[in-house]
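Hi everyone, thanks for making time this morning. Let me put the sequence and the model up, and then I'll walk you through them.

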Amino acid sequence: MGGILGNSPVNILDREFMAEAIKLAARGLYSTQPNPRVGCVIVNGEEIVGRGWHQIAGEAHAEINALNDAGDRARGGMAYVSLEPCSHTGRTGPCCEALIQAGIERVVVAMQDPNPLVSGQGIDYLKQHQVDVMVPCMAEPAAQLNIGYIKRHQQNTPFVRCKLAMSLDGRSGLSNGVSKWITGPAARADVQKLRARSCAIVTGIDTVLADDPAMTIRTDQIDVTDIGLATRKQPLRVVLDSNLRIKADATILSPVDEVLVICRDDGEIDEPARDQLISRGIEVVALAGAGEKGIDLAAVMRLLADRECNEILVECGARLAGALISNKLLDELIIYMGPKFLGHNGLPLLKLPEFSVMDQVVGLEFREVRQVGEDLKITAVLK
């Protein structure tokens, strides 16, 4: 199959080498935010002579690491990159120039970069310097690795993932509010991986007041080699608190990297409480309200996109989860279901409007159902 933007056709070896580049890109799953996850292999003849991936934002890109690994063997060879090489100078130099200077004669690119600073320009730059370019090649698996990065640049909003836990009878807690633990240790460890791949973790004030969570990555629950580099900093923690009801001693406000509290600009704000938060170095932002009590969730997503958040994980209660679904702001829903019955008086998983006919109900499409320890993990998207 020929490339849409390229010169030479894709062959079987191209796919094999690109698969290796995408595999390398996945090694940056937890450490490149807000940059994309990118892998690169350098091939001379039919032999891979260099491998590299983008490891940490601000440090060398995948192409540079692969070229350094290849050394002189890169000259006259080919580069397979899971995302279009950059042609501009940011925190690092342009990768296109490095590929040309190293003597690379052919570049196969999985997909064009959606970032307007790069999009199409890297490909054009290589072609202008007589490099044979092929794109796309295995674009779909490459795009899945950067689903939030792509959405942020194309729609100015992050990829929104919501995590919930429920019993087999669909309850999120007992009627008295107790919810620890519906799921087992394996499911809770799996959640740490969702947190580690996210730029921000968002929760609501109801969850903070009820559970006093930390919302941090707990590396003691997972093998640090499983989340890439142990230097991964904590995601931004975001609390949606319309009227600033958060308590000063809330665990989520503990000094672990950044915390952002969002209130509504027309809410009944406790001014001394806001001043106390600010004096402690906690950022407070007021956004437009929505409904009687809520914050405009679409405005929250735009704010996080402006802060270069690619993927966000929402861990919340029934009201916020229902609002995300009602406002069609949810890209992916992950439910961990424990093998327990909590009874018909237990707390609901979601708070949604009352439906009177089946045409009104919210439909889901299952993407994956698998067992995690003693629990089931259900991954779904809204229809």
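I'll go through the strands, then an aromatic pair, then the salt bridges and a patch on the surface.

A word on the source before we start. This is a predicted model, so please keep in mind that local features need pLDDT of at least 70 and side-chain atom pairs count only at pLDDT 80 or more, while totals for chains, interfaces and linings use all residues. Residues are numbered from 1 along each chain as its sequence is written, and side-chain values use heavy atoms, with hydrogens and water left out.

Let's begin with the sheet. When I say strand or helix, I mean DSSP runs numbered from the N terminus, with at least four residues for helices (H or I) and at least two for strands (E). Two strands pair if DSSP finds at least two bridges between them. With that in hand, 9 strands make an open sheet with mixed pairing, in the order E11-E10-E9-E8-E14-E6-E15-E18-E17. Which strands stand at the edges? They are E11, residues 283-287, and E17; each has a single partner strand, so one side of each has no neighbour in the sheet. On average, neighbouring strands here are turned by 25° against each other, direction ignored; the axes behind such angles are lines fitted to C-alpha atoms, for helices over the stretch in contact, and angles run from 0 to 180 degrees between N-to-C directions.

For one pairing inside that sheet, look at strand E9 (residues 236-240) and strand E10 (residues 259-264), which are parallel and share 4 bridges. There, Val 239 sits opposite Val 261 of E10.

Now move to strand E3, residues 78-81. Is this strand buried or exposed? Both of its faces are covered: Met 78 and Tyr 80 on one side, and Ala 79 and Val 81 on the other, are all buried. Buried here means under 20% relative accessible area, exposed means over 50%, and partly exposed is in between, with a 1.4 Å probe and protein chains only. As a reminder, side chains in a regular strand alternate between the two faces of the sheet.

E3 pairs with strand E1 (residues 39-44), antiparallel, through 4 bridges, and with strand E4 (residues 106-109), parallel, over 4 bridges. Tyr 80 is opposite Val 41 in the first pairing and opposite Val 108 of E4 in the second. E1 is mostly covered too, with 5 of its 6 residues buried. E1 also runs antiparallel to strand E2 (residues 47-53), joined by 6 bridges. In that hairpin, with 2 residues between the strands, Gly 45 takes a positive phi near 70°.

Keep your eye on Tyr 80, please. The structure holds 1 aromatic pair. Its rings are those of Phe 17 and Tyr 80, with centres 5.2 Å apart and planes at 55°, so the pair is tilted. The cut-offs are these: rings of Phe, Tyr and Trp (its six-membered ring) pair if their centres lie within 6.5 Å, with planes under 30 degrees apart called stacked, over 60 edge-to-face and the rest tilted. Both Phe 17 and Tyr 80 are buried.

On to charges. How many salt bridges does the structure hold? There are 18, taking a salt bridge as a side-chain nitrogen of Lys or Arg within 4 Å of a carboxyl oxygen of Asp or Glu. One of them joins Arg 37 to Glu 311, with the closest N and O atoms 2.7 Å apart. Those residues are 274 apart along the chain: Arg 37 is in the loop between H1 and E1, and Glu 311 is in strand E14 (residues 311-315). Arg 37 is buried at 5% relative accessible area, and Glu 311 is buried at 2%.

Another salt bridge links Asp 331 with Lys 151, the closest N and O atoms being 2.6 Å apart. Asp 331 is in the loop between helix H11 (318-326) and strand E15 (332-338) and Lys 151 is in helix H6 (residues 147-155), so the pair ties together parts 180 residues apart in sequence. Lys 151 counts as buried, at 13% relative accessibility.

Finally, the surface. Phe 355 lies in the loop between strand E16 (347-348) and strand E17 (364-372), and is partly exposed at 32% relative accessible area. Thanks, everyone, and I'm happy to take questions.
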